[in-house]
Amino acid sequence: MGNSNGPRPDRWDFIVRSTPKPQPRPRLTKRGHAYNPKSADFWKMHVGIAAKEALQDAPTPFSCPVILECIFVMPRPKRMKKSLVNVYHIKRPDADNILKATQDALQMASCVTDDSVFCDIRVIKRYADPDEQSHAKISIILAEEPFCE
């Protein structure tokens, strides 16, 4: 479906230059009302802005099956040796909670009709290398025909 001489027309890659944040658990007030804490709102805003810019010429919102690839680059601890690169991040926040906040942001930005369209998801969570800042690399890929209408 793609063009071998350039970027594929069914794939969009973008970078979110912000520290990845997880989707928080809903909380209850003393009176029993549920609410969502705002701790991931800044992250979601940055994902939405980057996605809208990358997908400006795409036929969004996607309602067909979508493949989502995410590399979440987390802040590097000061105590980590500079010689260590490409180290997996195995502490909190959990990759699935960061992914959920990212999927919600893509839906809120009208990139997809619903986060249920993500049929194939690949996630890597690692520490930033010594010369880089925390960020996320996100790829949105339309699934191959005949599934995508």
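# A guided tour of a predicted protein chain

Of the 149 residues in the protein chain, 42% count as buried, where buried means under 20% relative accessible area, exposed means over 50%, and partly exposed lies in between, with a 1.4 Å probe and protein chains only. What you have open is a predicted model, in which local features need pLDDT of at least 70 and side-chain atom pairs count only at pLDDT 80 or more, while totals for chains, interfaces and linings use all residues. Residues are numbered from 1 along each chain as its sequence is written, and side-chain values use heavy atoms, with hydrogens and water left out.

**The whole chain**

Begin with the whole protein chain selected, whose C-alpha atoms fill a box of roughly 50 × 45 × 25 Å along the principal axes. The chain holds two helices and six strands, and along the sequence these follow the pattern β-β-β-α-β-α-β-β; helices (H or I, at least four residues) and strands (E, at least two) are DSSP runs, numbered from the N terminus. If you switch on a surface, the protein chain exposes about 9500 Å², of which carbon and sulfur atoms supply 52%, the areas coming from the Shrake-Rupley method with a 1.4 Å probe, where for residues only the protein chains shown count as cover. Among the contacts in the protein chain with a separation of 6 or more, 82% are between residues 24 or more positions apart, a contact being heavy atoms within 4.5 Å.

**Helix H1**

Next, select residues 41–54, which make up helix H1. The 14 residues of H1 should span 20 Å at 1.5 Å a residue, and the end C-alpha atoms of H1 are indeed 20 Å apart; the expected span is 1.5 Å times one less than the number of residues. Which residues of H1 are buried? They are Trp43, Lys44, Val47, Gly48, Ala50 and Ala51, and what covers them includes E1, E4, H2 and E6.

Now colour Ile49, which also lies in H1 but is exposed, with a relative accessible area of 52%. Together with Phe42 and Met45, Ile49 forms a nonpolar patch on the surface with about 330 Å² of accessible area. Patches are made of residues with over 30% relative accessible area and no salt bridge, with like charges joined within 9 Å and nonpolar side chains (Val, Leu, Ile, Met, Phe, Trp, Tyr) within 5 Å.

**Helix H2**

Move on to residues 95–108, helix H2, which has 14 residues and reaches 20 Å from its first C-alpha to its last, close to the 20 Å expected. The buried residues of H2 include Ile98, Leu99, Ala101 and Leu106, and the cover over the buried residues of H2 includes strand E1 (11–16), H1, strand E4 (66–74), strand E5 (118–127) and strand E6 (135–142). Within H2, pick Asn97, which is buried at a relative accessible area of 17% and which, leaving aside neighbours within four places in sequence, is in contact with Pro22, Gln23 and Arg25. Just after H2, look at Ser110, which takes a positive phi of about 60 degrees.

**A network of salt bridges**

A search of the whole structure finds eight salt bridges, a salt bridge being a side-chain nitrogen of Lys or Arg within 4 Å of a carboxyl oxygen of Asp or Glu. Select Arg11 and Asp13, which form one of them with the closest N and O atoms 3.0 Å apart. Arg11 also forms a salt bridge with Glu69, at 3.4 Å between the closest N and O atoms; Glu69 lies in strand E4 and Arg11 in strand E1, so this pair ties together parts that are 58 residues apart in sequence. Then add Arg122, which forms a salt bridge with Glu69, the closest N and O atoms being 2.8 Å apart, and this pair links E5 with E4 across 53 residues. Through shared partners, salt bridges join Arg11, Asp13, Glu69, Asp120 and Arg122 into one network.

**The cysteines**

Finally, how many disulfides does a search of the whole structure find? The search finds zero, a disulfide being a pair of cysteine sulfur atoms within 2.5 Å. Cys111 is in no disulfide, and the nearest cysteine sulfur, that of Cys70, is 12 Å away; at 1% relative accessibility, Cys111 counts as buried. The sulfur of Cys119 is 8.6 Å from the closest cysteine sulfur, in Cys64, which is too far for a bond.
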